Amino acid sequence: MSKRSLKSSSSGQARAKQAMTRRGWTQAYLATEAGLSTRNSVWKFLSGRPVERYIFMELCFQLGLDWEEIADLPQGEDDPDNVDEGVSIEAGDRLVMEATVPQPPPSLEETYLAVKAKLRYQFFKQYSRVQSSFNLTQQFALDEIYTDLSLLPHLSHQQWLEVDDLQGSLLQGVTQPQPMGLSIQEAIDHHGHLIILGRPGSGKTTLLKYLALQCYNSQIQPDHIPVFIPLRDIERYQQHEPDWSMTDYLQTLLVIEEITPELQTELLQQGKFWLLLDALDEISRKTSEKFLQKIQEFVQSFPNNNILITSRIAAQNYFFTGFTYLEVANANEHQIKSYIDNWFNQSVVPEDNDKISKSDQLLAHLRRPENRFVLELAKTPLLLELICCAFQERAQLPSKPAKLYKEGLNVLLNRGSRSQAFQTDYGYNELTLPQKLKLLSEIAARMFAQGYFYFEKDQVLLIIQQYLASIASAPVSGDLLWLKSENVLRAIQVQHGLLVEQAKAVYCFSHVIFQEYLTAQQWVFCKKLAIADSVVNDPEIIAQRLTDPHWQEVIALAISLAPLADDFLLQLKFELDHLVASDAGLIAVIKYLDTKSELLQTNHKPVAIRAFYLGILYDFGLNLATRLDQSLSENPHQEISLDLQLIRILSLAQSLAQNPTFEQYLNLGFALDIERKFSLTPALTKALQICKEQLPSPMEEKSSLLQWWRMQGPDWYQGMKTIVCQHHQLGCVAELSPSQINLLRQYYHGLVFFHKCLHSGCYVSPAVQAELENNLLIYAPSISSNLP
């Protein structure tokens with residue numbers, strides 16, 4: 001039998017004192033940290049005298065020492081020279097020797113504390129550090145990487161919502177408000193028996209380990225002994241012990257001399273244990289029913305013990321009596337920031353103290369509009385860690401977001417193999433990983449092409465059924481095919497979490513960007529897309545949707561995934577030009593822009609000049625022009641600057657003629673004073689002077705001025721427009737109807753997006769890239785004339 005007391009060796013005493021010095025602790029402070037009422041045991045510990053075993057372990061733990069390395073193990077308290085001398089400390093370290101008395105048997109409370117101390121040591125040795133999922137050389141301290149989660153009191157898949165309820169909000173850009181969640185502390189305080197459901201990668205396992213850690217530190221449930229149990233370990237145990245019980249397994253798990261079967265029963269009856277059972281979904285279906293009954297029997301036999309069970313949402317098909325069900329909510333912005341701060345604080349890559357921290361840099365990147373989909377991924381802790389790893393080396397997110405989305409998909413697909421609940425399901429276990437990915441792409445593309453981000457269960461089952469039939473080596477009956485499709489859908493939910501049940505029988509992809517990525521992948525590798533039960537050439541379909549914001553991300557992803565994007569970009573350019581090719585008024589605008597660019601003798605790119613005048617004449621902005629030639633914003637030619645001022649004069653005059661205000665009239669006066677800024681031709685100077693003389697004096701009554709603009713403003717505007725057209729060839733194209741303006745606006749924004757794709761780092765031949773860019777905004781470009 002092991003001795004109930006330990007003493008520190010000479011070297012152990014020295015190491016303990018050094019640890020105290022490093023921390024700046026006194027004996028009294030160490031006693032407080034260890035939960036001792038006096039510093040008597042601390043003094044014994046530091047002077048090599050026997051100390052109760054559980055107190056010895058506690059003191060070593062507080063100092064960050066391994067008790068086995070500190071203890072003088074060859075000698076025990078039963079040795080004559082190792083008798084507790086009962087030394088106490090008086091002021092000035094005066095020692096009073098007390099008579100040695102026989103020690104009484106330990107009380108239940110003392111035994112409980114000793115058990116907890118030893119189990120804590122075992123737990124910290126095994127679980128106090130977390131291995132990175134993406135970097136084998138990187139580990140994190142559990143208590144320093146953990147970030148609080150929120151728990152939803154209502155399970156999402158039990159909502160009675162329709163597809164239109166969810167789809168409408170998404171298409172309108174309205175974010176569904178997340179219900180008020182509970183903190184972990186609130187949930188534990190109010191519910192002794194809990195089941196926490198979450199998607200793969202939502203942080204369930206880390207949560208349980210952290211709760212055990214906090215319990216051992218007496219921060220949570222201080223009167224309990226936490227026992228963290230991966231449930232797959234119990235499943236292996238029951239294979240060898242078919243008549244097992246939870247109490248049998250606990251006795252096997254808690255192999256320390258203080259816990260006899262009688263003591264364990266007494267502790268259980270008093271409700272001293274807190275069982276943290278992780279990953280119910282990892283129990284295979286063939287053994288799950290018996291396994292779940294064993295847990296329920298344990299709860300009924302020892303109801304005073306706290307129990308917390310985690311499981312993936314879709315794997316939950318058994319109702320535990322007396323348990324409260326909660327669901328892990330998506331991480332909010334505050335939690336994302338907290339995790340990123342924690343992650344980079346423990347990063348193995350040193351930071352430059354003179355620069356902004358990487359955590360702040362990453363947060364700034366995630367808040368950019370172009371990274372909105374990456375920020376959406378960050379709501380899943382596992383994918384947030386992936387984002388941190390991707391950002392770590394270069395302090396940049398990947399230039400091709402598709403790389404990040406692909407890795408995120410691979411992580412969830414490969415991680416899903418841990419879940420055993422549906423590994424043996426008929427239908428799903430027959431599919432290889434590439435086939436699973438192909439099936440997901442088929443679902444994503446079919447639903448996306450029909451405009452669905454949320455879809456009915458029957459819609460998904462039909463696609464799965466058709467896919468399974470297409471790869472079957474022999475005909476399969478309809479009933480069997482439907483059963484297999486049910487199993488496949490359920491397995492995808494449980495193992496990967498890529499498809500989630502957002503409401504009753506209403507499904508969606510866990511992240512919209514995964515649906516869009518898989519849709520793009522379908523085009524790249526299959527060259528077809530099924531729409532309304534027909535298969536059409538995908539480049540043509542996507543090109544026709546070039547100006548649709550909901551398709552643009554798919555198009556950009558498809559281009560970035562293509563091994564060579566030349567043909568696809570040519571097709572896109574053709575479809576983009578086709579938007580205006582059948583409208584004579586818009587053709588006239590495009591021809592005018594080409595003529596205007598030829599008249600100007602500047603060093604700016606002709607394509608940028610065409611884009612510049614399209615932007616200022618129709619108030620579309622200068623986004624495209626500056627993308628094509630940055631010098632247009634940094635150092636524009638004087639002629640171009642003058643044209644910009646003349647357009648501003650026309651815009652003010654038109655506004656005054658329609659809805660005059662005194663402020664606008666003053667602005668027009670300042671705008672007309674252009675002789676001081678620009679060198680004008682004598683003819684233009686004279687024409688402008690005549691127009692200025694026609695204006696009423698600003699000294700007149702405001703009411704008279706405004707009345708003048710209402711009556712004569714439209715004629716004055718037309719006269720100014722004629723002058724600008726005659727002298728600077730501006731505004732010479734016939735007026736466009738509202739529908740034509742709208743179509744021209746679509747064309748312009750399509751050009752902006754096309755240029756962005758062209759320079760997104762996709763694989764495109766340099767010659768094709770240059771030709772495509774230089775031929776923007778040219779009527780009937782030769783580069784597209786050979787396309788259908």
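**Largest cavity.** I looked up the largest cavity, which holds about 60 Å³ of space. The model is predicted, so I note every value as computed. Next I asked which residues line the largest cavity. I found Arg199, Pro200, Thr380, Leu383, Leu412, His496, Gly497, Ser510 and His511. I then sorted this lining by character: 5 residues are polar, 3 are nonpolar and 1 is charged.

**Second largest cavity.** How much space lies in the second largest cavity? I noted about 30 Å³. Its lining consists of Ile188, His191, Gly192, Leu194, Trp274, Asn306, Ile307 and Leu308. Which element gives the most to this lining? I traced that to strand β12, which spans residues 306–312 and supplies 3 residues. By character, I count 5 nonpolar and 3 polar residues in the lining of the second largest cavity, with no charged ones.

**Cavity count.** I also checked how many cavities reach 30 Å³ or more. The count is 2.

**The whole chain.** I stepped back to the chain itself. I recorded 36 helices and 18 strands. The chain has 788 residues, and 51% of them are buried. For contacts, I looked at those with a separation of 6 or more. Of these, 74% join residues 24 or more positions apart. Last, I looked up the accessible surface of the chain, which comes to about 37,400 Å². Carbon and sulfur atoms account for 50% of that surface.

Terms used: Residues are numbered from 1 along each chain as its sequence is written. This is a predicted model: local features need pLDDT of at least 70, side-chain atom pairs count only at pLDDT 80 or more; totals for chains, interfaces and linings use all residues. Side-chain values use heavy atoms; hydrogens and water are left out. On a 1 Å grid over the protein atoms alone, a cavity is a set of points where a 1.4 Å probe fits but cannot get out, and a pocket is an open set with protein on both sides within 12 Å along at least five of seven lines; lining residues have an atom within 4 Å of a point. Grid points are joined across faces, edges and corners, and a volume is the space filled by probe spheres set on the points. Ala, Val, Leu, Ile, Met, Phe, Trp, Tyr, Cys and Pro count as nonpolar, Asp, Glu, Lys and Arg as charged, and the others, Gly among them, as polar. Helices (H or I, at least four residues) and strands (E, at least two) are DSSP runs, numbered from the N terminus. Buried means under 20% relative accessible area, exposed over 50%, partly exposed in between (1.4 Å probe, protein chains only). Contact means heavy atoms within 4.5 Å. Accessible areas come from the Shrake-Rupley method with a 1.4 Å probe; for residues, only the protein chains shown count as cover.
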